[in-house]
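Visitor: Please guide me through this structure and explain how its terms are justified.

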Amino acid sequence: MTDTRDLRFIVIGAGMAGILSAIKLLEAGRNNLRVYEKAAKVGGTWRENTYPGLTCDVAAHAYTYSFEPNPEWSQYLAPGPEIQQYFERTAKKYGLDDYIRYDREITRCEFKEGQWKLETANGDHDYADVIIAATGVLHRPRFPSLKGLDTFRGALFHSARWDHEVALDDKRIGVIGSGSTGVQIISALSERAQKLTHFQRSAQWIMPVENPAFTEEQKAAFRNDPELLRHMQNEPTYSAAVDRFNHAIANPDSPEMHEIEAWVLQNLEDSVADPVLKEKLRPGYRAACKRLIYSPDYYQAIQRPNVFLETENIECIEENGIRTADGVLHALDVIVLATGFHAHAFMRPMQIVGRNNRSLDDTWAEGPRAYLSISMPDFPNFFMLNGPNGPVGNFSLIEIAEHQWHYIEQLIELIEGGECSHINTSQKAQDTFETARVAAAKQTIFGSGCQSWYLDDKGIPATWPWDRARFFEEMEEPDLQAYDMTC
Ligand code: NAP
């Protein structure tokens, strides 16, 4: 039996989920805690992404910890730097600096003699009874395998590695990629570039959204009225819309999905004047098959006289620009690769070795999987937040992580209470879960016939495939039949 006072917790990553875990652990008095962060500050994806136009397309008051509402959000959809400041401020307020080791990248975790042994890239060693992997999802930039990528004489960088030394005003800029990132960059640069070319391999459905600023009066009201602020976090119209959206994802033939399809189609029909451009922007797959883009201004931006949509395939990159398959050289000063991320890396390249010398790479040879995205057989007391095949879509991952934490905390309490010293899901529970998940995932809108980062290498959506309500129910209380416990 483990002596509860001696349990040592290690949180890997000080992004949104790592900050949450550390705050919750400390709040419960679990202060034998260390948070390892590979970078020099907190923030995760909001620290790494600094591209012009970065905005969270989830309502700001919903993209907020439930215990730390923020009356100061400037807009309905918060700009990235404001979100980064929110995380920095929150980490400071809860005293996390005393617990975080910055510039320490964990390279290896090995389960040995009942404990996890950890190593960092700097050669530091540590140990843990419980590991919380809060390493995020989209953190390894994906560079396209385009010929000549290293021959370009101008500035070229990935959207998540923005080079702020590079001048943008009045330059000829090419942006490759039309996911949520590429679309936001085009909107932001359309008024700054001399000539902006958007290289689109696949068109995207776009949901219109308004993004009004909160007035000083509104912010004062939020500051002075905690009930009003709480109401904003769980605003009923927004929550109902998120529920409808989630129902639609899981049920592609539902009226809710047909409603989404009608909206995005109407948006395209109403917003784009030129019939040729309109056809170039019309996707050949169903709405929300790729992550749906919410944009207040992309269609306006792409119709500006200095902005061009290029749908020819990219042949190669040359010294002076991008050559498309029709032989045209698009002369450029700057190329931005908004080409996404290796979405299935999760904790890797960290080496993780569980019980019986079982490595994570071997365990995930067929693709990342975990029971309810949280626990894996043979990886005792190792819990993930926003792990593989979890809920993803156009909603707040903070809310998802808080529910996951509620669940994980109950597993921790079992260890602390002496019910067991080690706990992990059983192989049988994971296999049963995964079989049901895959069958349901194929039926979701993500599996309806398009390419996206939601799909695994077999083309199966690597996502939570059921309604949100079912996810919340699962997170209420662990079913201990699904776990192997050892003392
Ligand atoms: P993404 O959705 O994976 O989009 C990558 C884009 O690059 C796609 O348009 C893809 O085309 C294109 N591409 C990739 N390789 C290419 C190549 N060799 N040649 C031409 N085009 C190529 O990546 P992302 O836009 O960075 O977004 C990733 C995720 O980050 C989002 O889905 C979202 O979850 C998150 N995000 C969220 C927000 C927010 O507001 N909450 C904002 C930004 C990002 P194909 O479609 O043809 O593959």
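Guide: In this predicted model, a backbone N or O atom of alanine 338 lies 3.3 Å from an oxygen atom of the ligand.

Visitor: What makes the approach of alanine 338 to the ligand a polar contact?

Guide: A polar contact is a pair of N or O atoms within 3.5 Å. The pair at alanine 338 lies at 3.3 Å, and therefore qualifies. A polar side-chain atom of lysine 290 lies 2.6 Å from an oxygen atom of the ligand, and one of tryptophan 453 lies 2.7 Å from a ligand oxygen. The protein covers 86% of the 920 Å² of accessible area that the ligand has on its own.

Visitor: Why is the link between cysteine 289 and cysteine 450 called a disulfide?

Guide: The term requires a pair of cysteine sulfur atoms within 2.5 Å. Here the S to S distance is 2.1 Å, so the pair is a disulfide. The two cysteines stand 161 residues apart in the chain.

Visitor: Why is the disulfide of cysteine 289 and cysteine 450 described as left-handed?

Guide: The torsion about its S-S bond is about -100°, and the disulfide is therefore left-handed.

Visitor: How do you know whether cysteine 289 and cysteine 450 are buried or exposed?

Guide: Buried means under 20% relative accessible area. Cysteine 289 has 0%, so cysteine 289 is buried; cysteine 450, with 13%, is buried as well.

Visitor: Why is there no bond between the sulfur of cysteine 420 and that of cysteine 487?

Guide: Those sulfur atoms are 6.3 Å apart, which is too far for a bond. Cysteine 420 itself is buried, because its relative accessible area is 1%.

Definitions and conventions: Residues numbered from 1 in each chain as written. Predicted model: local features only at pLDDT ≥ 70, side-chain atom pairs only at ≥ 80, totals over all residues. Heavy atoms only, no water. Helix = DSSP H or I, 4+ residues; strand = E, 2+ residues; numbered from the N terminus. Buried < 20%, exposed > 50% of the residue type's maximum accessible area, 1.4 Å probe, protein only. Polar contact = N/O pair within 3.5 Å; in protein donor to acceptor, adjacent residues only side chain to side chain. Areas by Shrake-Rupley, 256 points an atom, 1.4 Å probe, with all protein chains shown as cover.
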